[in-house]
Amino acid sequence: MEHINWDDFQKVDIRVGTIIDVEDFPEARRPAYKLKVDFGQAIGIKKSSAQITNLYAKEELLGKQVLAVVNFPPKQIGPIMSECLVTGLYRPDGSVVLATVDMKLPNGTRLA
């Protein structure tokens with residue numbers, strides 16, 4: 001494993017945001033949802049896609065707070081422009097568990 005220094009870590013802007021909209025993403029290569037995540041007034045609402053359909057129903061994602069990288073450049077994913085990277089962890093079966101917070105935080109709070 002390669003070590004990084006504190007300055008490298010500081011470059012990654014990971015914020016908490018609340019999922020405010022979830023849609024099916026039938027054009028994706030693998031099953032996915034299109035998400036809109038609210039990161040508060042300073043950052044705003046950003047779009048993303050997430051391959052989390054096998055563990056999460058659309059209804060249970062609404063209102064869920066997630067951790068996302070907000071300073072990657074936008075990336076075209078099929079017909080949508082992804083504006084943030086919602087983070088998660090792989091289970092042994094390959095499904096993704098979202099990285100979340102265990103207490104409600106203001107949208108836009110930065111990971112320290």
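Strand β2 is joined to strand β3 (residues 45–50) by 6 bridges, and the two strands run antiparallel; here strands are DSSP runs of E of at least two residues, numbered from the N terminus, and two strands are taken to pair if DSSP finds at least two bridges between them. The structure is a predicted model, in which local features need pLDDT of at least 70 and side-chain atom pairs count only at pLDDT 80 or more, while totals for chains, interfaces and linings use all residues. Residues are numbered from 1 along each chain as its sequence is written, and side-chain values use heavy atoms, with hydrogens and water left out.

Within the β2–β3 pairing, Asp38 stands opposite Ile45 of β3. The two strands form a hairpin with 6 residues between them, and Gly40, located in the turn, has a positive phi of about 90 degrees. Strand β2 also pairs with β1, again in the antiparallel sense and over 6 bridges, with Asp21 standing opposite Lys36 of β2.

The largest nonpolar core, defined as a set of buried Ala, Val, Leu, Ile, Met, Phe, Trp, Tyr and Cys residues joined through side-chain atoms within 4.5 Å, where buried means under 20% relative accessible area with a 1.4 Å probe and protein chains only, has 17 residues. Those with the most contacts inside this core are Ile19, Leu35, Val37, Ile52, Leu61, Val86 and Leu98. At least two core residues are supplied by each of β1 (14–24), β2 (33–38), β4 (65–69) and β9 (96–98), and the largest share, 3 residues, comes from β2. Another core, of 5 residues, lies apart from this one and includes Val16, Leu67, Val69 and Ala99.

When residues up to four places away in sequence are not counted, Leu98 touches Ile52, Tyr56, Leu61, Lys64, Val66, Val86, Thr87 and Gly88, contact being defined as heavy atoms within 4.5 Å. Leu85, which belongs to strand β7 (residues 85–86), counts as partly exposed because its relative accessibility is 42%, a class that lies between buried and exposed, the latter being over 50%. Leaving aside neighbours within four places in sequence, Leu85 is in contact with Ser48, Leu67, Ala68, Val69 and Phe72. The C-alpha atoms of Leu85 and Lys46 are 9.6 Å apart, although these residues are separated by 39 residues in sequence.

In an unreviewed entry, UniProt places the feature "domain: TRNA-binding" at residues 8–112; such positions follow the numbering used here, feature names are shortened, and annotations may be inferred rather than shown by experiment. The end C-alpha atoms of residues 8–112 lie 13 Å apart, and the span is 8% helix and 40% strand, helices being DSSP runs of H or I of at least four residues.
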